Number of protein chains: 2
Amino acid sequence: MATTTNLTATTREKLGRAHHAAPLLSELSTRQKNQMLLAMADAIESQKERILAANQKDLESSTLPEAMRDRLLLTPPRIAAMAAGVREVAVLPDPVGELISEWRRPNGLLIRKVRVPIGVVGIIYESRPNVTVDTVALTIKTGNAIVLRGGKEAMHSNQCLVDILSSTPGLPLGAIELLDSSTRDSVQELIQARALVDVIIPRGGAGLINFVVENSLVPVIETGAGNCHIFIDQSADFDMADRIVINAKTQRPSVCNAAEKLLIHRSIAGTYLPRIANKLVALGVELRGDEDAVRIAPEIHRATEEDWSEEYLRLCLAIHIVAGLDEAIAHINRYSTRNSEAIVTANEANARRFLRAVDSAAVYWNASTRFTDGGEFGFGAEMGISTQKLHCRGPFALAELTSSKYAILGSGQVRT
Amino acid sequence: MATTTNLTATTREKLGRAHHAAPLLSELSTRQKNQMLLAMADAIESQKERILAANQKDLESSTLPEAMRDRLLLTPPRIAAMAAGVREVAVLPDPVGELISEWRRPNGLLIRKVRVPIGVVGIIYESRPNVTVDTVALTIKTGNAIVLRGGKEAMHSNQCLVDILSSTPGLPLGAIELLDSSTRDSVQELIQARALVDVIIPRGGAGLINFVVENSLVPVIETGAGNCHIFIDQSADFDMADRIVINAKTQRPSVCNAAEKLLIHRSIAGTYLPRIANKLVALGVELRGDEDAVRIAPEIHRATEEDWSEEYLRLCLAIHIVAGLDEAIAHINRYSTRNSEAIVTANEANARRFLRAVDSAAVYWNASTRFTDGGEFGFGAEMGISTQKLHCRGPFALAELTSSKYAILGSGQVRT
């Protein structure tokens with residue numbers, strides 16, 4: 001069933017340990033897992049100096065630009081926030097063991113569908129060391145083993161954090177493994193180890209995610225791409241539209257649920273476009289647009305075909321004038337990465353139609369796309385935002401780190 | 001996001017039509033879909049002669065061995081059964097549109113998680129033409145478009161069935177597409193068309209399934225492998241054990257939930273093994289076993305290491321003597337394909353432990369593994385038996401042909 005032949009000895013050993021740890025983790029009680037999480041949070045705080053020293057090493061050898069360096073940087077408040085995050089996961093309900101459904105068949109068989117851990121979860125991520133702690137907390141809470149492959153630039157920080165976390169009393173050997181980040185080979189090894197790893201979750205830019213999806217033999221939960229659209233309908237309240245567009249574009253432009261495209265109903269474009277363009281430019285947003293948009297607001301640069309697919313992740317927005325709701329829906333379903341889209345309208349029928357017909361993980365009526373987030377949805381934690389349709393879609397956390405199985409209780413039944 | 005460059009013109013056209021049909025199908029009401037299904041059932045019956053003629057062409061050009069020819073053969077009762085199956089799907093509840101959960105956030109946002117179709121479902125299968133009709137019924141019922149890639153040996157039958165089914169009044173163009181089965185290229189094209197196809201479900205032998213899993217860029221629901229085990233514990237009732245072992249091995253040896261391995265507790269092997277070996281041999285079962293088993297019952301042939309992983313799919317069974325429950329669990333978790341396993345025991349603690357620790361889709365206490373089936377579970381239909389842990393596990397049907405999305409209703413909320 002499996003290809004493990006191409007693994008280096010070190011990776012094979014680490015994945016083998018994780019595979020061996022998984023059944024032991026699956027048998028831990030909720031109480032045991034929560035105690036371990038609280039011990040991890042305490043250890044992070046008590047070993048703050050050691051973590052800062054390791055992080056300093058990463059910063060010293062870093063050649064990253066300033067904005068990326070900030071993602072890598074750990075500070076005492078950031079370390080305290082990591083520990084607090086682990087404590088929050090400890091108090092969340094444990095999905096493992098949940099009886100999902102139960103029924104008795106006419107032949108007397110009792111069928112029980114129960115929630116179980118997935119097994120071994122592989123995480124591939126980039127520079128932020130807090131991802132190490134966040135993902136360990138979520139996977140241990142759900143009784144899974146975790147194999148981490150972090151960014152090279154954070155290698156000392158990640159190694160230090162994994163050393164601290166995996167020293168937790170009672171935690172099975174292999175529960176937390178960190179792969180070599182100095183070579184891309186370890187990514188390749190992890191995503192091909194179908195016999196040893198049950199799911200891969202890539203967290204990072206489009207390049208990383210596409211590489212994983214295209215090369216993985218292990219099932220993947222695709223996350224993070226976000227070419228998000230806002231459609232301003234004919235009946236939109238302009239003040240509300242302004243608030244939503246400005247928030248979705250400028251509040252945090254580097255994240256996947258930030259708006260990248262603005263569609264405007266033709267009948268209001270002459271009045272609404274100059275107004276919003278003016279406000280966005282004042283906020284430092286670069287504007288691109290189709291021919292009609294440029295004609296109405298000359299501060300807009302002409303967009304190319306590539307713009308409609310591009311995820312800017314910065315203060316840039318492309319504007320398209322549409323004939324109406326149908327054209328807006330068709331444009332979104334053609335170019336969107338199926339993360340988050342919004343309609344601003346006072347017309348309930350149009351809103352319902354948009355919510356139904358737009359094929360994205362989260363579809364908003366009169367709200368900012370920025371709410372697509374585990375915390376904002378009230379999940380109390382988040383592993384990522386799934387932009388695929390299998391297993392989970394949208395923000396996901398503990399329940400989606402589980403699988404199910406059927407336990408069937410009989411009294412000697414055979415099939416006839 | 002997608003690679004469609006390597007498609008032949010014909011495949012691109014077919015997949016493009018299916019991709020285009022998907023949103024139209026997703027908007028059909030339950031009533032509309034059920035009417036189409038009933039019309040399909042009527043058309044299958046009224047065009048029986050045409051189907052039989054097409055099937056005759058396949059049979060005439062077939063070079064398959066006799067057992068495989070029977071899988072290909074259509075008869076008037078088999079055609080009536082196909083139509084009846086479609087009518088059964090029509091009366092099942094429609095999962096699409098279901099409100100899975102709904103909650104209001106402190107900021108007033110109303111979040112609704114609703115069930116939606118997946119989009120375009122690709123099915124790759126082998127010789128049985130009834131799979132064409134069964135899978136079309138399930139995918140249309142769930143508002144999905146379907147792309148079929150059947151076996152070459154059934155090409156005339158499949159083409160005829162698809163012609164009849166896709167002529168259903170009201171069905172969008174592209175809802176049912178059949179790819180060229182004369183070349184393996186069409187499999188490769190289908191599983192790489194990530195922009196146009198949302199899920200691939202391979203139904204067939206291990207060779208087909210492994211090829212798809214290893215080469216697909218589209219997410220796969222892995223089905224069908226079944227190296228199933230039965231463990232006879234120390235306290236087992238021997239009569240019950242006999243019934244279960246004989247049923248699981250001999251009632252239909254060619255299917256994935258048939259037993260392939262028998263584990264026996266060492267303390268009862270001396271008495272139980274000769275008895276069951278005797279009965280199995282009388283039923284024509286070839287027996288293989290470890291050294292201890294061969295010593296106890298000399299009619300058993302010595303098994304090799306490969307035997308423990310092999311899925312025989314015929315009247316052959318390998319027997320392993322174990323020291324107890326722990327060794328049985330460890331052996332199963334090492335060699336099983338994670339489909340179905342059973343324990344026969346009077347010891348409830350051992351049974352609970354087995355049900356919890358064995359990592360398979362369906363785990364039985366005192367019942368035959370042969371019950372792992374959508375019909376036997378009471379689902380009224382079955383698309384396959386998933387042996388993976390993401391999205392669905394075990395027998396799956398309508399609900400698992402859906403995804404979900406979040407519809408969020410606001411009144412101008414923005415993120416702070």
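This is a guided tour of a predicted model with chains A and B, going from the whole assembly to its domains and then to single sheets.

**The two copies together**

Begin by showing both chains and colouring them separately. Chain A is superposed on chain B by a rotation of 180° with 0.0 Å of shift along its axis, and the RMSD of that superposition is 0.0 Å. The two copies are therefore related as by a two-fold rotation axis. To find where this axis passes, select H391(A), whose C-alpha is the nearest to the axis in chain A, at 1.8 Å from it.

**Where the chains meet**

Next, turn to the interface, where 57 residues of chain A are in contact with 57 residues of chain B. To see the side of chain A that touches chain B, select α9 (206-215), α10 (238-250), α14 (348-357), β13 (362-367), α15 (374-377) and β16 (402-413) of chain A, each of which supplies at least two residues to it. Which element gives the largest share of this side? That element is β16(A), with 11 residues. If you colour this side of chain A by residue class, you will find 28 nonpolar, 18 polar and 11 charged residues. Because 100% of the interface residues of chain A are also interface residues in chain B, the copies meet through the same surface.

Stay at the interface and select β13(A) together with β16 of chain B, residues 402-413, since here a strand of one chain pairs with a strand of the other: the two run in the parallel sense and are joined over five bridges. Within this pair, look for V363(A), which stands opposite A407(B) in β16(B).

**The domains of chain A**

Now hide chain B and colour chain A by its domain assignment, which gives domain 1 as residues 9-222 + 388-408 and domain 2 as residues 228-375. The C-alpha centres of these two domains of chain A lie 35 Å apart. Where they touch, five residues come from domain 1 of chain A and six residues from domain 2 of chain A. On the domain 1 side of that contact, three residues are nonpolar, one is polar and one is charged.

**Three strands and a helix in chain A**

Keep chain A in view and select strand β9, residues 286-289, with strand β11, residues 316-322; they pair in the parallel sense over four bridges. In this pairing, G289(A) stands opposite I319(A) in β11(A). Then add strand β10, residues 301-302, which runs parallel to β9(A) and is joined to it by two bridges. One place to look is R288(A), whose bridge partner in β10(A) is H301(A). Finally, show helix α12, residues 291-296, and follow the path from β9(A) through this helix to β10(A), which together make a right-handed β-α-β unit.

**An open sheet in chain B**

For the last stop, bring back chain B and select its open sheet of four strands, which has the order β5-β4-β3-β6 and parallel pairing. β5 (176-178) and β6 (199-203) stand at the edges with a single partner strand each, so one side of each is left without a neighbour in the sheet. Neighbouring strands here are turned by 20° against each other on average, direction ignored.

Inside the sheet, β3 (residues 120-125) and β4 (residues 145-149) of chain B run parallel and are joined by five bridges, and G122(B) has V147(B) as its bridge partner in β4(B). Add helix α1 of chain B, residues 9-26, which lies across β3, β4 and β5 and runs at about 150° to β4(B). Helix α9 of chain B, residues 206-215, also packs on the sheet, where it touches β3 and β6 and makes about 160° with the direction of β6(B).

Definitions and conventions. Residues numbered from 1 in each chain as written. Chains lettered and ligands numbered in written order. Predicted model: local features only at pLDDT ≥ 70, side-chain atom pairs only at ≥ 80, totals over all residues. Least-squares fit on C-alpha atoms with pLDDT ≥ 70 in both. Contact = placed C-beta atoms within 7 Å. Nonpolar A, V, L, I, M, F, W, Y, C, P; charged D, E, K, R; others polar. Pairing = 2+ DSSP bridges. Domains from an automatic or database assignment. Right-handed = clockwise from strand over helix to strand, strands pointing away. Axes fitted to C-alpha atoms, helices over the stretch in contact; angles between N-to-C directions.
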